[in-house]
Amino acid sequence: MQRVCRAWVAPYLSHSPKLAWKRPHSNSINSIVGFRYWSTRAAEPYRPVAFYSLRPWPQSTVSRLQSRIKDQLQRFNVVGRIYLASDRGIGGINAQLCVPVCHIEAVQTFFDTLPEFKGATLEYNHGMEDTDQPIFQRLKIMQKPNLVAVPDTLKADILSKAPKHLTPEQWHRDLSTCSNDTLLIDMRNHYEYDVGRFNNATRMNVDTFRESLEVLDELVKGKDRNEAIYMYCTGGIRCSVAGAYISDKGYSNVNMVSIVNIPTPSRRDRLILLFFQLKGGITNYGHFVRNNKVKDSLFRGSNFTFDGRRGERITDDVLAHCHQCGAPCDVLSNCANNFCHLLFIQCPACQKKHEKLCSSECRDVVNGHKEWNHPYDYRSQIRPPLRQKL
Ligand SMILES: [Zn+2]
Ligand SMILES: [Zn+2]
């Protein structure tokens, strides 16, 4: 049976917002149809869909894709955030979308059949839960110098040295049987680690991916030969770049060792650390845990997401605490003072008590008793002093 899609009306309605939300008169056939739109629109489920592909596109391709993707996704009422970059840096596409469930197949087919992805297999990460409302406010398609923030000195040609990708099953098996001192690196920022992580994972304690590459250098320095290293991130893109970065260093420094089965003679003396990356990231592992009813999930807590959800739950464990009262809580939110915008953990009780504000200073600013006079600083927006006094 053909699936009825209610979301198709949304692009038309979005051009006439009055029509979209006006309850129609009840005595005409049009009004009955109109009322169905009105009454069912909010119930149309959306699904978070993410994918990335590292591609050395020239600038002309990036510009062409930007307008073509925008045109097509608007037709399907898709919202979200897409970054595009050319071969002048780490090139390709990184997309976090919110797609009406009835259009998922059409949207994926659109990307799969774009000539720019010829020869590539796009792997789509679907969110753990559908949502009643879009998790992004609008569709933004932006060009960036690099797909992920990396030091300027990093050359795109390292990407040919990608780490080995393990499926969630292989990943689970390997990490269930390896020794406790196996190096398992969480390639994400400190606040992502705090609310959910794999058992025994190393915390990078960084604010940005750019900083994490320096920390990675330190972590692998002096590692034993024949040692395997595991790394993961939300959906895989950060590990794809980080794994290539460190593999590339291994080749150039010739001071690490390979556990590749039989090195070819020309590579016999080359020393490479072997990196294993979780294919599809934590999101993919979360589906593996749920679909197979895995009782001993190696990931615990919530998988932080950079969208309106602020995370998706993998297990019921709550690993973090409210920054204000110390109660168990792992929901990150932003301070309601838009000048401050601190990303911090605030339990429901504190949200109510402090009106979603992080400090007495922010309360004074919001109430007009004080002016905000701090310069913009990304770090200060994500590093809350513990137990802020109010
Ligand atoms: Zn609290
Ligand atoms: Zn604040």
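**Zinc site and a three-stranded sheet**

In this predicted model, the zinc ion (ligand 1) is held by the protein donors Cys-322 (SG), Cys-325 (SG), Cys-347 (SG) and Cys-350 (SG), at 2.3 to 2.4 Å (donors are N, O and S atoms within 2.8 Å of the metal, or 3.2 Å for Na, K and Ca; water is not among the atoms, so sites may look incomplete). The angles subtended by the 4 donor atoms span 104 to 115 degrees, so the arrangement around the zinc ion (ligand 1) is tetrahedral, a term that requires four donors with all angles between 85 and 135 degrees. Along the sequence, the donor residues follow the spacing C-x2-C-x21-C-x2-C.

Two of these cysteines can be described by accessibility. Cys-322 is buried because its relative accessibility is 2%, whereas Cys-325, at 39%, is partly exposed (buried is under 20% relative accessible area, exposed over 50%, partly exposed in between, with a 1.4 Å probe and protein chains only).

Turning to the sheet, 3 strands form an open, antiparallel arrangement in the order S8-S12-S13. Strands S8 (196-198) and S13 (312-313) are its edges, each pairing on one side only. Strands are DSSP runs of E of at least two residues and helices runs of H or I of at least four, numbered from the N terminus; pairing needs at least two DSSP bridges. Strand S12 (residues 299-303) is joined to S13 by 2 bridges, and Asn-303 has Glu-312 of S13 as its bridge partner.

Residues are numbered from 1 along each chain as its sequence is written, with chains lettered from A and ligands numbered from 1 in written order. Local features need pLDDT of at least 70 and side-chain atom pairs 80 or more, while totals for chains, interfaces and linings use all residues; side-chain values use heavy atoms, without hydrogens and water.

Terms used
Tetrahedral: all angles 85-135°; square planar, octahedral: opposite > 155°, others 65-115°.
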